[in-house]
Amino acid sequence: MQIQSGDIVFVLNPNSGNALHPRQLTAMCRAASEQAGHQACVVATRNPGEAADAARAAHDAGAAAIFGCGGDGTLSAILQGLPSGSPTALGAVPLGTANVWAYETHLPQTPLAAVTAQLAALDGLRGESMWIDTGRVWSTSEDGSAASQRFLLMASWGLDAAAVNGIVGSARRTRLKRMLGEPAYFLSAVREAIGRQAWPVAVSIDGAAPFVVDAAMLTVGNTRMLGTWLEVNARATVVDGELDMLLVEGAPWRALALSPFARYGWLPHGPGVTSLRFQHLELAPMREAPPIQIDGDPGPATAYAIDVEPGALRVLCPNPTAAVLGG
Ligand SMILES: [Mg+2]
């Protein structure tokens, strides 16, 4: 793979939910790029590490944009290799199970239309490229040093993360996810909620003194949606330099009981359901560490802090009026 300055790099994830045949996809990416006057460089990756390596190479070579061909997990893998503030823009070819980023930013849902629209945004013909915030989760690595992982959409502790971990940890539920798509996460959450106790945690926001809560779920959103079904952070935008937190206290089934409300973007706030914005959050488990998910994949059990990185990522926005983009 030889990436040239100004190229459009496409990262293919052969494991994504409903991918086109790689040959078809490669031909489509090349044709769309050429039509827009760009040279395409298509990279087939076998794992998230290779996608991050491709992103690093794209940045180093001065590529104009890098597209993740897959789901939100593919975008997340690319994000790990793109340095904060890289001028190489992130694009999405929505081919995953949920495609939350594409959904929230109103990208066209078919692959060819999505690529064409984002290349037009790159060239300033229709829409624009925008600098948006990203989140960063800090954890302790095996040797005791600090490790970190960037996120585009959301990180969450508690029931939602238990549902994600339950799918990844079970071959039967992974098959179910391929068959059902997003409802498989809901079924996994029901199973994980049964008989489960809350996770007592100490939470500190923006350097204030920590408070202790029995958490059913604590989500930290750069964007609004948990999957494309549940709007948990209804007022979040990726351009305000802050992250939005939703804390649900009590037994995990309480978080489950709120999901019909979140489905229609109307979460009843009050005792035990809190929303707020922050730039830095620290979380310390008082007993068993709650599970964590980061952009839809299980995260490190030792995660202890989240920061916002304001304006750290350039993305391609054919529809800059999408609410999550601040439009
Ligand atoms: Mg924000």
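Q: Into which domains is the chain divided?
A: The model is predicted. In this predicted model the centres of two domains, taken over C-alpha atoms, lie 26 Å apart. The chain is divided into domain 1 (8-126) and domain 2 (135-309).

Q: How many residues of domain 1 and of domain 2 are in contact with each other?
A: Contact here requires C-beta atoms within 7 Å. By that criterion, the residues in contact number 14 in domain 1 and 18 in domain 2.

Q: Which helix gives the most to the side of domain 1 that touches domain 2?
A: Two helices, α3 (72-81) and α4 (100-104), each supply at least two residues of that side. The residues of that side divide into six nonpolar, six polar and two charged. With six residues, the helix that gives the most is α3.

Q: Is aspartate 72 buried or exposed?
A: Aspartate 72 is found in helix α3. A residue is buried if 20 or more other C-beta atoms lie within 10 Å of its own. Aspartate 72 has 28 such neighbours, so the residue counts as buried.

Q: Which residues is aspartate 72 in contact with, leaving aside its neighbours within four places in sequence?
A: Aspartate 72 and glycine 227 are 155 residues apart in sequence, with their C-alpha atoms 9.8 Å apart in space. Glycine 227 is not part of the contact list of aspartate 72, which consists of Gly96, Ala98, Asn99, Val100, Trp101, Leu153, Asp295 and Gly296.

Q: Which residues have the most contacts inside the largest nonpolar core?
A: Nonpolar side chains tend to be buried together in soluble globular proteins. The largest nonpolar core here has 99 residues, and at least three come from each of domain 1 (8-126) and domain 2 (135-309). Those with the most contacts inside this core are Val9, Val11, Ile66, Phe67, Ile78 and Ala215.

Q: What is valine 11 in contact with, leaving aside its neighbours within four places in sequence?
A: Valine 11 is one of the residues with the most contacts inside the largest nonpolar core. Its contacts are Val43, Thr45, Ala51, Ala54, Ile66, Phe67, Gly68, Cys69, Thr74 and Ile78.

Q: Within what arc do the buried residues of α9 fall, seen down its axis?
A: Helix α9 (residues 252-263) has twelve residues and spans 17 Å from first to last C-alpha, close to the expected 16 Å. Pro252, Ala255, Leu256 and Leu258 are its buried residues. They line one face of the helix because they fall within an arc of 165°.

Q: What does the cover over the buried residues of α9 include?
A: One of the covering elements is α6 (159-168), which is itself mostly covered, with eight of its ten residues buried. The cover over α9 includes α6, α8 (183-193), β7 (154-158), β9 (211-221), β12 (243-249) and β13 (273-278).

Q: What phi does glycine 265 take?
A: Glycine 265 comes just after α9. Its phi is positive, at about 70°.

Q: Which residues of α6 are buried?
A: Of the ten residues in α6, eight are buried. They are Leu159, Asp160, Ala161, Ala162, Ala163, Val164, Gly166 and Ile167.

Q: Which residues does aspartate 307 touch, not counting those up to four places away in sequence?
A: Aspartate 307 is found in strand β17 (residues 305-317). Its C-beta has 18 others within 10 Å, so aspartate 307 is partly exposed. The residues touched by aspartate 307 are Arg136, Gln279 and His280.

How values were computed. Residues are numbered from 1 along each chain as its sequence is written. This is a predicted model: local features need pLDDT of at least 70, side-chain atom pairs count only at pLDDT 80 or more; totals for chains, interfaces and linings use all residues. Domain bounds come from an automatic or database domain assignment. Two residues are in contact if their C-beta atoms, placed from the backbone, lie within 7 Å. Helices (H or I, at least four residues) and strands (E, at least two) are DSSP runs, numbered from the N terminus. Ala, Val, Leu, Ile, Met, Phe, Trp, Tyr, Cys and Pro count as nonpolar, Asp, Glu, Lys and Arg as charged, and the others, Gly among them, as polar. A nonpolar core is a set of buried Ala, Val, Leu, Ile, Met, Phe, Trp, Tyr and Cys residues joined through C-beta atoms within 7 Å. A residue is buried if 20 or more other C-beta atoms lie within 10 Å of its own, exposed if 12 or fewer, and partly exposed in between; C-beta atoms are placed from the backbone. The expected span of a helix is 1.5 Å times one less than its number of residues. The arc is that of the directions from the helix axis to the C-beta atoms.
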